[in-house]
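Good morning. I will go through one model today, and I will explain the terms as they come up. Please have a look at the screen.

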Amino acid sequence: MINKRRMINKFKQLVKIDSLSLREGKVMRYLICEMKALGLKPYFTGKPKNGEVANLIVDVPGRGKKSPCFLLNAHVDTVSPGKNIKPIEKGNFITSDGTTILGADDKSGVAAILEILTVLKKKKREHPPIQVVFTVAEEIGLIGANSLPKNILYADYGIVFDSGGVEDIVYKAPSQVNLTATVIGKSAHAGIHPEEGINAIKVASEAIAKMKFGRIDKETTANIGFIKGGKATNIIPDEVQIKGEARSHEPKKLKKQIGHMKGVLTKTCKKFGAKVKIETKLMYRSFEVKRSSKILRLALSALKRNKIKPKLKQTGGGSDANVFNGYGIPSVIMGSGMKNVHTTSEKLVIKDLIKGAAVVLDLICEAPRQSSGQV
């Protein structure tokens with residue numbers, strides 16, 4: 001039922017359209033044309049600050065008996081280097097030319113949704129109501145999804161395309177808190193009066209060296225990923241900024257890790273006579289879809305019907321599913337064939353792209369029967 005060549009061609013078209021975070025206007029215009037060609041009426045809502053365009057919403061009326069509504073989601077933004085992507089199809093894979101990412105994260109998900117909607121229309125399949133949500137700025141902190149007005153979303157269950165393995169059902173993800181710290185020292189001439197200065201880079205470096213980060217435990221991670229400061233080699237640097245994060249499935253552990261990072265910074269700055277300004281921001285909250293949840297049972301059944309052995313997984317990353325679960329829509333993350341994401345060796349496994357779309361199409365079309373007990 002899934003048209004393999006049509007889906008591959010659609011994916012290639014999508015990745016050729018530049019859509020870095022907050023600069024997704026071109027790909028959204030493409031999707032508007034696609035939706036209108038299917039007789040649908042897309043609309044924008046929830047534009048992030050400094051964004052080029054808002055999220056795109058499409059309400060698809062159900063066909064057949066009344067049943068719960070499903071949310072289908074994929075984000076349209078990509079990470080860098082993501083300009084002028086040249087997809088190369090070879091065998092069962094699609095890659096970039098090696099100078100950019102591919103953009104399978106998450107345009108494989110976008111292609112899957114487009115194919116599902118196309119099949120439902122062309123084959124006139126009975127299906128429940130569907131709310132399609134194409135989000136922007138996911139890669140920089142789920143900004144697009146967090147910008148959605150809560151009253152816009154009305155689905156009963158959600159399926160988020162944002163994973164690789166088609167057999168995977170991601171049902172659990174952590175919270176994330178970002179930390180920004182500015183260490184303030186004292187400038188002085190590095191060659192004439194170095195003893196009069198307080199080197200902010202040295203202070204920050206010592207603090208970072210004392211921090212625990214990486215894999216803290218099976219539920220918690222932390223990282224320092226950015227440091228910037230200094231003006232010239234002959235000036236003792238008086239200011240340096242560092243940025244990091246912590247994630248955990250357990251709120252108490254997340255609070256403890258952030259407290260540890262802040263404590264190390266404060267203590268180290270005090271030791272050298274420097275000052276520090278620390279800001280923290282909750283980026284998104286954790287979620288866990290219960291094993292007894294209807295959406296999880298539907299996903300498991302769909303994979304088994306398609307002769308795929310399901311794997312329930314938790315992830316260390318965040319996705320729009322964090323937001324939808326926070327809005328009260330039980331949502332799981334399913335795969336569409338992406339591999340090695342956020343790297344120039346990223347690739348798409350074509351057979352998994354096709355299988356991923358087929359599984360979700362099956363899930364949606366069979367859901368009304370399962371809801372009424374016709375299994």
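I will talk about the sheets, then the nonpolar cores, then the salt bridges, and end with two single residues.

First, some ground rules. This is a predicted model, in which local features need pLDDT of at least 70 and side-chain atom pairs count only at pLDDT 80 or more, while totals for chains, interfaces and linings use all residues. Residues are numbered from 1 along each chain as its sequence is written, and side-chain values use heavy atoms, with hydrogens and water left out.

Let us start with the sheets. When I say helix or strand, I mean a DSSP run, numbered from the N terminus: H or I with at least four residues for a helix, E with at least two for a strand. Two strands pair if DSSP finds at least two bridges between them.

One open sheet has five strands in the order E10-E11-E12-E9-E13, and the pairing is antiparallel. Which strands stand at the edges? They are E10 and E13, the latter covering 275–284; each has a single partner strand, so one side of each is left without a neighbour in the sheet. From one strand to the next, the twist averages 20°.

Inside this sheet, look at E11 (residues 220–229) and E12 (residues 239–248), which run antiparallel and are joined by nine bridges. As an example, isoleucine 224 has glycine 244 in E12 as its bridge partner. Helix H5, residues 200–210, packs on the sheet and touches E9 (175–184), E11 and E12. Touching, or contact, means heavy atoms within 4.5 Å. The direction of H5 makes about 20° with that of E12. For such angles, axes are lines fitted to C-alpha atoms, for helices over the stretch in contact, and the angles run from 0 to 180 degrees between N-to-C directions.

There is also an open sheet of four strands, ordered E4-E5-E18-E17, again with antiparallel pairing. Its edge strands are E4 (88–90) and E17 (338–339), each of which pairs on one side only. E4 and E5 (residues 93–95) are paired over three bridges, and lysine 90 stands opposite phenylalanine 93 in E5.

Next, the cores. A nonpolar core is a set of buried Ala, Val, Leu, Ile, Met, Phe, Trp, Tyr and Cys residues joined through side-chain atoms within 4.5 Å. Buried means under 20% relative accessible area, exposed means over 50%, and partly exposed is in between, with a 1.4 Å probe and protein chains only.

The largest core has 89 residues, and Leu31 and Phe134 have the most contacts inside it. Helix H9 (residues 350–371) gives the most to this core, with eleven residues. Setting aside neighbours within four places in sequence, the contacts of phenylalanine 134 include Met28, Leu31, Leu56 and Val110. A second, separate core has 23 residues, among them Ile208 and Leu265.

Now the salt bridges. A salt bridge is a side-chain nitrogen of Lys or Arg within 4 Å of a carboxyl oxygen of Asp or Glu. How many does the structure hold? There are eleven.

One of them joins glutamate 115 to arginine 6, with the closest N and O atoms 2.7 Å apart. Glutamate 115 lies in helix H3 (residues 104–122) and arginine 6 in helix H1 (residues 4–15), so this pair ties together parts that are 109 residues apart in sequence. Glutamate 115 is buried at 3% relative accessibility, whereas arginine 6 is partly exposed at 25%.

Another is formed by aspartate 217 and lysine 253, at 3.7 Å from N to O. Aspartate 217 is in strand E10 (residues 214–217) and lysine 253 in helix H6 (residues 251–272), 36 residues apart.

A further one is between glutamate 245 and arginine 247, at 2.6 Å. Glutamate 245 is buried, at 17%, and arginine 247 is buried, also at 17%. Elsewhere, salt bridges that share partners join Arg5, Lys12 and Glu89 into one network.

Finally, the two single residues. Valine 53 is in the loop between E1 (43–45) and E2 (55–60). Is valine 53 buried or exposed? It counts as buried, at 11% relative accessibility. Beyond four places in sequence, valine 53 is in contact with residues including Glu24, Phe44 and Val136.

Asparagine 325 lies in helix H8, residues 320–326. Asparagine 325 is buried too, with a relative accessible area of 18%. Not counting residues up to four places away, asparagine 325 touches Phe287, Val289, Pro330 and Ser331.

That is the end of my part.
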